[in-house]
Amino acid sequence: MTITRGTWPWLVSIFSYVGPRLGFQCGATLVSNKVVITAAHCFFDRYNRKIATEDVILILGQHNLKRPHDRGTKIVYPHSINIHVNYQKRNTIDSDIAVVVLSEVIRFTTFIRPACLWKEPSSKESIVGLNGVTAGWGRDEHGNFFTELPKKAEIPVVSDETCLRSHDAFSKITSEVTFCAGWRNGTDGPCNGDSGGGLMFSREGKWTLRGVVSTSLTDRQSNLCDLKEYVVFTDIVTFASWIEAFMD
């Protein structure tokens with residue numbers, strides 16, 4: 001479902017220079033007037049080389065991916081890109097989270113507002129069975145590599161046990177700092193290009209960030225995300241104190 005402009009004002013797009021070309025990299029979530037949360041793997045190129053901070057730009061308030069200069073958008077640069085120290089230590093994707101501190105303090109508008117951060121309860125069991133909403137410009141069911149306008153999907157969180165039982169490969173890409181969600185219906189859920197975006201839950205009328213789109217299994221025929229399987233999210237609650245250090 002395509003999002004109406006202004007209804008998901010914490011959604012951020014991340015672009016980076018690869019050679020002379022500026023390309024869309026990932027989604028992200030604005031959580032304060034200077035902090036954005038996304039996935040660590042968004043800042044590595046296809047050869048697993050780290051992308052330089054000066055080669056990254058973020059666009060707040062963006063709706064149409066091809067129109068970065070629309071009224072109400074704001075192009076900002078990172079002051080620092082902070083990748084969690086445990087990223088890739090235990091497996092290729094573990095602790096897949098990054099905090100971007102922006103180079104300026106952001107003024108909130110109709111199109112630019114932060115999401116809340118999930119604090120309590122911290123157990124994964126507390127979200128099993130709940131439906132979260134994720135949004136982004138990633139690949140859609142029609143085979144478009146990116147969509148011009150962001151789409152959202154509502155997907156249920158499942159237990160670690162359910163996720164691990166569903167496919168052997170999840171034992172290599174999940175841990176105590178991740179959780180799985182999805183319908184496994186082949187169409188609904190985040191796909192290539194949606195990495196770094198948030199999984200949000202409505203709590204007491206406020207949209208609250210709990211997960212970051214990390215990875216999925218790959219369909220062997222298309223070499224793209226396999227939405228017949230669950231999607232893996234980084235659980236931000238595990239990193240709450242680390243994130244908090246950048247919020248001051």
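This tour moves through a predicted model, from its domains to a sheet, its cores and one loop residue.

**Domains.** Colour the chain by the domain assignment, which gives domain 1 (11–114 + 241–245) and domain 2 (116–237). The C-alpha centres of domain 1 and domain 2 lie 18 Å apart. Where they meet, 29 residues of domain 1 and 28 residues of domain 2 take part in the contact.

**The seven-stranded sheet.** Next, show the strands as a cartoon and find the open sheet with the order β5-β4-β1-β2-β3-β7-β6, whose pairing is antiparallel. At its edges are β5 and β6 (78–83), each of which pairs on one side only. Look along the sheet to see the turn between neighbouring strands, which is 35 degrees on average with direction ignored. Then select β1 and β2: this antiparallel pair is joined by eight bridges. To see one of the pairings, pick leucine 11, whose bridge partner in β2 is threonine 29.

**The largest nonpolar core.** Switch on side chains for Trp8, Val36, Ile37, Phe43, Leu58, Leu102 and Ile243. Of the 48 residues in the largest nonpolar core, these touch the most other members. Several elements give two or more residues to this core, among them β1 (11–18), β2 (21–30), β3 (35–38) and β4 (56–60); β7 (98–102), β9 (131–136) and β13 (206–216) do so too. Domain 1 and domain 2 each supply at least three residues to this core.

Centre on leucine 58. Beyond its neighbours within four places in sequence, leucine 58 is in contact with Val12, Ser13 and Ile14, with Val36, with the run Lys74, Ile75, Val76, Tyr77 and Pro78, and with Val100 and Leu102.

**The second core.** Now select Trp118, Ala181, Cys225 and Leu227, which are included in a second, separate core of 15 residues.

**Threonine 73.** The last stop is threonine 73, in the loop between β4 and β5 (74–76). Is this residue, threonine 73, buried or exposed? The relative accessible area of threonine 73 is 18%, so this residue counts as buried, the cut-off being under 20%.

Show polar contacts around the threonine 73 side chain. A polar atom of this side chain lies 2.8 Å from the backbone oxygen of proline 68. The side chain of threonine 73 also reaches the backbone oxygen of aspartate 70, at 2.8 Å. Finally, display what threonine 73 touches when residues up to four places away in sequence are not counted: Arg5, Ile59, Leu60, Gly61, Gln62 and Pro68.

Notes:
Residues numbered from 1 in each chain as written. Predicted model: local features only at pLDDT ≥ 70, side-chain atom pairs only at ≥ 80, totals over all residues. Heavy atoms only, no water. Core = buried A, V, L, I, M, F, W, Y, C linked by side-chain atoms within 4.5 Å. Buried < 20%, exposed > 50% of the residue type's maximum accessible area, 1.4 Å probe, protein only. Helix = DSSP H or I, 4+ residues; strand = E, 2+ residues; numbered from the N terminus. Domains from an automatic or database assignment. Contact = heavy atoms within 4.5 Å. Polar contact = N/O pair within 3.5 Å; in protein donor to acceptor, adjacent residues only side chain to side chain. Pairing = 2+ DSSP bridges. Axes fitted to C-alpha atoms, helices over the stretch in contact; angles between N-to-C directions.
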